[in-house]
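Student: I am new to this structure and would like to understand the terms used for it. Could you explain each term as we reach it, and show how a value earns its name?

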Amino acid sequence: MDPSLLKFVLQVIISILMLSLGVNQSLVDLVAFWRRQGALLRSLLAVVVLFPAVVFLLLKLVPVPSGVGSGLAILAAVPGAPVTYKRSALAGGDPVYTSNLHLTLALLTLMVTPLILSIFYGQFDLALEGKITVLQVVRQVAVVQFLPIGIGLLLQRVGPRFVEKIRKPLAQLAHLAFLVMVGIFFFTLVLWSIVQLVWPLGLVSIAVFDTVAILTLAIGYGLGGESRLPTNLAKSRQQRASLAIATIARNLGLALLLAELSGAGSQIVPTILGYALVSLVIAVPFSLWSKRQIASAS
């Protein structure tokens, strides 16, 4: 599949998912999440700081092609995957915590992405032919995430009865869109990427993807949860699952756009797709295990 077509399809799917999130999002819950400073700081530490730190350390220790290094740097700089809500649900995550964290990360992306990219490109010899500006990051996040979420929040304010009518059909449409995206990855991208993209990257690069995914998944799970009391154990494990998925998942649509804007997309896109495939595969057994853990604590 052509990367430009893939990016367009992902943007449409993500917009549907974000609109569904917007009609269900509570601003009261979001503010309450921001006031729980301990949980907020641990969440941001996992997703915004430690994921890039793991990538930075591995790039210092393991020699990889510049395209692979650039792709990993971009992935480190784009937290807040729009599909986190759906992927977290598959792991038994807390939907309220997940949506609040996603909106927080989307807001921070405008500041975090340029900062992290500047650090990586200042420390490593990476494939960067074009200049990625803050305005380009803002435009992508605004159109694909803020706009549909904002529409959803506005509809809640001006037409609550209308929202009640469309909430369930929209949720079903979002679920279908998510399944379509999963189908794209597992029935098209897997075959195409293994032959034309992932395999040429080499075993060392694939091992780096595995290491990043496993370490950051463990970091997210370890830092998640607010209580260790038996009465709150299930809720704690739900939030651990949510943060683990939020940490490992990166904003694929924004990453592909930045790869295109860099002027070296042909070198960088294979890494973005390769990591996406690896992280999805690793998340499957984790999600099954997590749901069992949550069920046993309920």
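**Contacts, burial and a pocket**

Student: What is Ile272 in contact with, leaving aside its neighbours within four places in sequence?

Tutor: Ile272 is in contact with Gly71, Leu75, Leu252, Ala255, Leu256 and Ala259 once those neighbours are set aside, and these pairs earn the word because contact means heavy atoms within 4.5 Å. The model is predicted, and local features need pLDDT of at least 70, side-chain atom pairs count only at pLDDT 80 or more, while totals for chains, interfaces and linings use all residues. Residues are numbered from 1 along each chain as its sequence is written, and side-chain values use heavy atoms, with hydrogens and water left out.

Student: How confident is the prediction, and where in the chain is confidence lowest and highest?

Tutor: The mean pLDDT (the predictor's confidence in each residue, from 0 to 100) is 82 for the chain, with 86% of its residues reaching 70 or more. Confidence is lowest in α8, at a mean of 71, and highest in helix α3, residues 37–61, at 94.

Student: How many helices and strands does the chain have?

Tutor: The chain holds 12 helices and 0 strands, where helices (H or I, at least four residues) and strands (E, at least two) are DSSP runs numbered from the N terminus. As for how the chain is tied together, among contacts between residues at least 6 apart in sequence, 85% join residues at least 24 apart.

Student: Why does Ile74 count as buried?

Tutor: Buried means under 20% relative accessible area, exposed over 50% and partly exposed in between, with a 1.4 Å probe and protein chains only; Ile74 has 0% relative accessibility, so the name applies. Ile74 lies in helix α4 and, not counting residues up to four places away in sequence, touches Leu117, Tyr121, Ala255, Leu258, Ala259 and Ile268.

Student: What makes helix α4 largely enclosed by the rest of the structure?

Tutor: The conclusion rests on a count: 10 of the 11 residues of α4, residues 66–76, are buried, so the helix is largely enclosed. Among those buried residues are Gly67, Val68, Gly69 and Leu72. For the chain as a whole, 53% of its 298 residues count as buried.

Student: Which residues touch the most other members of the largest nonpolar core?

Tutor: Of its 80 residues, Val55, Leu72, Phe120, Val212, Ile272 and Tyr275 touch the most other members. A nonpolar core is a set of buried Ala, Val, Leu, Ile, Met, Phe, Trp, Tyr and Cys residues joined through side-chain atoms within 4.5 Å.

Student: Why is Ala174 called buried, and where does it lie?

Tutor: Ala174 has a relative accessible area of 1%, so it is buried, and its place is in helix α8. Ala174 and Leu17 are 157 residues apart in sequence, yet 5.1 Å apart in space, C-alpha to C-alpha.

Student: How do you know that Val144 is buried?

Tutor: Val144, in helix α7, residues 134–158, is buried because its relative accessible area is 5%. Not counting residues up to four places away in sequence, Val144 touches Gln11, Ile14, Ser15 and Met18.

Student: Which residues lie nearest the centre of the second largest pocket?

Tutor: Of its 18 lining residues, Ser20, Leu21, Asn24, Tyr85 and Ser99 lie nearest the centre. On a 1 Å grid over the protein atoms alone, a pocket is an open set of points where a 1.4 Å probe fits, with protein on both sides within 12 Å along at least five of seven lines, and lining residues have an atom within 4 Å of a point. Helix α1 gives the most to this lining, with 5 residues.
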